[in-house]
Amino acid sequence: MAQTTLALAKGRIFEETLPLLAAAGIRPSEDPETSRKLILGTNRPDLRLILVRAADVPTYVQYGAADLGVAGRDLLAEHGGRGLYQPVDLGIAKCRMVVAVPEGFDYAAAVKQGARLRVATKYIATAREHFAAKGVHVDLIKLYGSMELAPLTGLADAIVDLVDTGNTLKANRLKAVEEILAVSSRLIVNPAALNLKRTLVQPLLEALANAVVARRAPTGAKAAA
Ligand code: ATP
Ligand code: PRP
C-alpha cells in the first residue's frame, strides 16, 4: 500500500502539531517522549511519522525522504525553501527572531558609528542577509544553542535568536533591539509527492488546513453556523 511520511521534530513542534493531527483524525501509535523509535505508525495505515531534528525537517522534505513536514519559518528562512511547497501556516510554535544585545549596550550608537559587530547565532544565512540589508558590518559566529551565553562571556557583542516570552533574554540581562522575522511553523510539502501521491497528500493537507481554521474560529462559531 502507498504510504505518506510526515516529518516532525520531537518536543515543541510534535506537541503543538498533535492537536491539529487529532482534529484531522490522526493519532500516533506511540509517544515519542517514551519510545526510542524514530518511525512511528499512526491509526491510519497509509500515514507514518518520522522524528528528525527540527533543522533537518526541510532537508528530509526537499529530498522526498518525507512527503510532508512541519518546520518553523526560522529554519525555512535558513534553509532557503528550495524544492519546498509551503501551503499552510499552522500558527503553532510562535515566536520572533530578533537581534539582542546586553542591557547596557547602545546598539543604535554602535551601528551609527559604523562599528564592526561580532554576532553569534545559529541562523547564519538569515542574519547575514538582515545585516547586509541594513548596512551593518558584522562578523558572524556559528553556534548551535544557548546563544544568550555568547555576549555574557565576551564571545560576541550581539546575538540573533528566537524570543517568545522574553524570559530568557531578561534572565541573562539582554534586550531585543531589532526584529528580523515573525516566526510560526508551516506545513511543508515535497512538490513531487504532491503530484505523485496526490490522493493521499492533498486530503491530508486540506484536513490540516481545516484544523487550523477551526482552531482560529471563535468559541461558539460552530454552534452558530
Ligand atoms: P534542537 O532541539 O534540535 O536543537 P531546536 O532547539 O531548534 O532544535 P525546538 O526548541 O523544539 O528545537 O524548536 C523548534 C521550533 O520551534 C523552532 O525552529 C522555532 O520555529 C520554534 N521555537 C523555538 N523556540 C521557541 C519558543 N521559545 N517559543 C515558541 N516557538 C519556539
Ligand atoms: C528558545 C530560544 C530562546 C528561548 C526563548 O530556546 O532559543 O532561548 O526559547 O523563549 P522565551 O523568550 O520564552 O524565554 P528553547 O526553549 O527552545 O531551548 P533550546 O535552547 O533548547 O532551543
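**Exercise 1. Find out how well strand β11 is covered.**

β11 is mostly covered, with 5 of its 5 residues buried. Buried here means under 20% relative accessible area, exposed means over 50%, and partly exposed lies in between (1.4 Å probe, protein chains only). Strands are DSSP runs of E with at least two residues, helices are runs of H or I with at least four, and both are numbered from the N terminus.

Before going on, a word on the source: this is a predicted model, where local features need pLDDT of at least 70 and side-chain atom pairs count only at pLDDT 80 or more, while totals for chains, interfaces and linings use all residues. Residues are numbered from 1 along each chain as its sequence is written, and side-chain values use heavy atoms, with hydrogens and water left out.

Next, see where the side chains go. In a regular strand they alternate between the two faces of the sheet. In β11, Ser185, Leu187 and Val189 point one way, Arg186 and Ile188 the other way, and all are buried.

**Exercise 2. Place β11 in its sheet.**

Step 1: look at the partners. β4 is joined to β11 by 5 bridges, and the two run antiparallel; Gly72 stands opposite Ser185 there. β5 also runs antiparallel to β11, with 3 bridges between them, and Val88 sits opposite Leu187. Two strands pair if DSSP finds at least two bridges between them.

Step 2: write out the order. The sheet is open and has 6 strands, β2-β3-β1-β4-β11-β5, with mixed pairing. At the edges are β2 (39–41) and β5 (85–89), each pairing on one side only. On average, neighbouring strands are turned by 30 degrees against each other, direction ignored.

Step 3: check the β2 end. β2 and β3 (residues 47–51) run antiparallel, joined by 3 bridges, and Gly41 has Arg48 as its bridge partner in β3.

**Exercise 3. Which helix gives the most to the largest nonpolar core?**

Start with the core itself. A nonpolar core is a set of buried Ala, Val, Leu, Ile, Met, Phe, Trp, Tyr and Cys residues joined through side-chain atoms within 4.5 Å. The largest has 28 residues, and Leu6, Leu8, Val70, Leu90 and Leu187 touch the most other members. At least two residues each come from β1, α1, β3, β4, β11 and α9. The answer is α9, which gives the most, with 6 residues.

Then zoom in on Leu6. Leaving aside neighbours within four places in sequence, Leu6 is in contact (heavy atoms within 4.5 Å) with nine listed residues, including Leu21, Leu49, Val70 and Leu187. A second, separate core of 19 residues includes Met97, Val101, Tyr107 and Phe131.

**Exercise 4. Is Thr5 buried or exposed, and what does its side chain meet?**

Thr5 is found in strand β1 (residues 4–8). With a relative accessible area of 5%, Thr5 is buried. Its side chain makes a polar contact with the side chain of Arg48 (2.9 Å). Such a contact is a pair of N or O atoms within 3.5 Å; within protein, one must be able to donate a hydrogen and the other to accept it, and residues adjacent in sequence count only if both atoms are side-chain atoms.

**Exercise 5. Sort the two sides of helix α5.**

First, list the buried residues of α5 (residues 124–134): Ile124, Thr126, Ala127, His130 and Phe131. They cover an arc of only 165 degrees around the axis (taken from the directions to the C-beta atoms), so they lie on the same side of α5. Now turn to the face away from that buried side: Glu129, Ala132 and Ala133 are exposed there.

How values were computed
Chains are lettered from A and ligands numbered from 1 in the order in which they are written. Axes are lines fitted to C-alpha atoms, for helices over the stretch in contact, and angles run from 0 to 180 degrees between N-to-C directions.
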